[in-house]
Amino acid sequence: MNILKKYLALSLTVGSLLFSATASAQEAPDALVKRISQDVLDTAKADKSVQGGNQQRILALVEEKIIPYVDFDRMTALAAGRYWRDATPDQQKQLIAQFRSLLIYTYSGALSQVRDQKIDFKPMRGDPSDTDVEVRSQVIQPGREPIQLNYRMEKIATGWKIYDVNVLGAWLVESYKGTFATEIGKSGIDGLIKVLSDKNKSRAAKNGK
């Protein structure tokens, strides 16, 4: 009987995961970003450890709620630009891993500042058949100017993924592209990997990891 119960529980779990994956794949890009954003804001506002600046909890929240919807492979390749083709598969893998960690720390820093913000989404532009779109929004803060926050997204087999973010008119990938090129010009791709790794180690030390 216990074996039967375990089998039924496993079947229900797998079924719900498959349903969630299918629903995510069918979800419109703006609806997906709205859902993620609201979920993150609600969780951050309700979680006392996040409000208290608990970096471990904030990092876990970013990993759980945001990271699954970001295409770090494409984001890193775009930031590396023409140098991406010169990197070996191992160097590409290391760049993706280090850039991913750097952005997680960046997202975590922003999340630790969440208080009474709200997000207002603009109407979507383009055709429903588009596979590369921009979702536009702004962060509303009491007593302050709204902050422009837009997302570039691509549709892949499993659904929509974010591959670039625009804050106050500056696209994240373009901002890092210059930094990447400068570091590669000075000390090659391995030099860039080391710079990113050192930054991540420094931030991890500050967070007590």
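The following legends describe an overview and several close-up views of a predicted model.

**Figure 1. Overall architecture of the predicted chain.** The chain contains seven helices and five strands. In sequence order, these elements follow the pattern α-α-α-α-α-α-β-β-β-β-β-α. Of the 209 residues, 40% count as buried. Contacts between residues 24 or more positions apart make up 57% of the contacts in the chain with a separation of 6 or more. The area exposed by the chain is about 12200 Å², and carbon and sulfur atoms supply 55% of this area.

**Figure 2. Aromatic pairing between helices H6 and H7.** The chain has three aromatic pairs in total. In the pair formed by Phe99 and Phe180, the ring centres are 5.2 Å apart and the planes meet at 70°, so the arrangement is edge-to-face, a class that requires an angle over 60 degrees. This pair joins distant parts of the chain, since Phe99 belongs to helix H6 (residues 89-111) and Phe180 to helix H7 (residues 172-206), with their positions 81 residues apart. Phe99 and Phe180 are both buried. Ring pairs also bring in Tyr176, giving a cluster of Phe99, Tyr176 and Phe180.

**Figure 3. Arginine side chains placed over aromatic rings.** Arg74 lies over the face of Tyr163, at a distance of 3.7 Å from the ring centre. A second such arrangement involves Arg152, which lies over the face of Trp171 at 3.8 Å from the ring centre.

**Figure 4. The buried side of helix H5 and the two ends of the helix.** Helix H5 spans residues 72-80, and its buried residues are Phe72, Met75, Thr76, Ala79 and Ala80. Because these residues cover an arc of only 130° around the axis, they fall on the same side of H5. Their cover includes H6, strand E4 (159-167) and H7. At the start of H5, a side-chain oxygen of Asp71 comes to within 3.3 Å of the backbone nitrogen of Asp73. Just after the helix, Gly81 adopts a positive phi of about 60°.

**Figure 5. Surroundings of Ile36 in helix H2.** Ile36 is located in helix H2, which covers residues 29-46. Its relative accessibility is 11%, and Ile36 therefore counts as buried, the limit being under 20%. When neighbours within four places in sequence are left aside, Ile36 is in contact with Lys65 and Tyr69. Tyr69 is 33 residues from Ile36 along the chain, and the C-alpha atoms of these two residues are separated by 8.9 Å.

**Figure 6. Surroundings of Asn200 in helix H7.** Asn200 is a residue of helix H7, the helix that also holds Phe180 of Figure 2. With a relative accessibility of 6%, Asn200 falls under the 20% limit and so counts as buried. Residues up to four places away in sequence are not counted here; beyond them, Asn200 touches Gln98, Ser101, Leu102 and Tyr105.

Terms used:
Residues are numbered from 1 along each chain as its sequence is written. This is a predicted model: local features need pLDDT of at least 70, side-chain atom pairs count only at pLDDT 80 or more; totals for chains, interfaces and linings use all residues. Side-chain values use heavy atoms; hydrogens and water are left out. Rings of Phe, Tyr and Trp (its six-membered ring) pair if their centres lie within 6.5 Å; planes under 30 degrees apart count as stacked, over 60 as edge-to-face and the rest as tilted. Helices (H or I, at least four residues) and strands (E, at least two) are DSSP runs, numbered from the N terminus. Buried means under 20% relative accessible area, exposed over 50%, partly exposed in between (1.4 Å probe, protein chains only). A charge sits over a ring if NZ of Lys or CZ of Arg is within 6 Å of the ring centre and within 35 degrees of the ring normal. The arc is that of the directions from the helix axis to the C-beta atoms. Contact means heavy atoms within 4.5 Å. A polar contact is a pair of N or O atoms within 3.5 Å; within protein, one must be able to donate a hydrogen and the other to accept it, and residues adjacent in sequence count only if both atoms are side-chain atoms. Accessible areas come from the Shrake-Rupley method with a 1.4 Å probe; for residues, only the protein chains shown count as cover.
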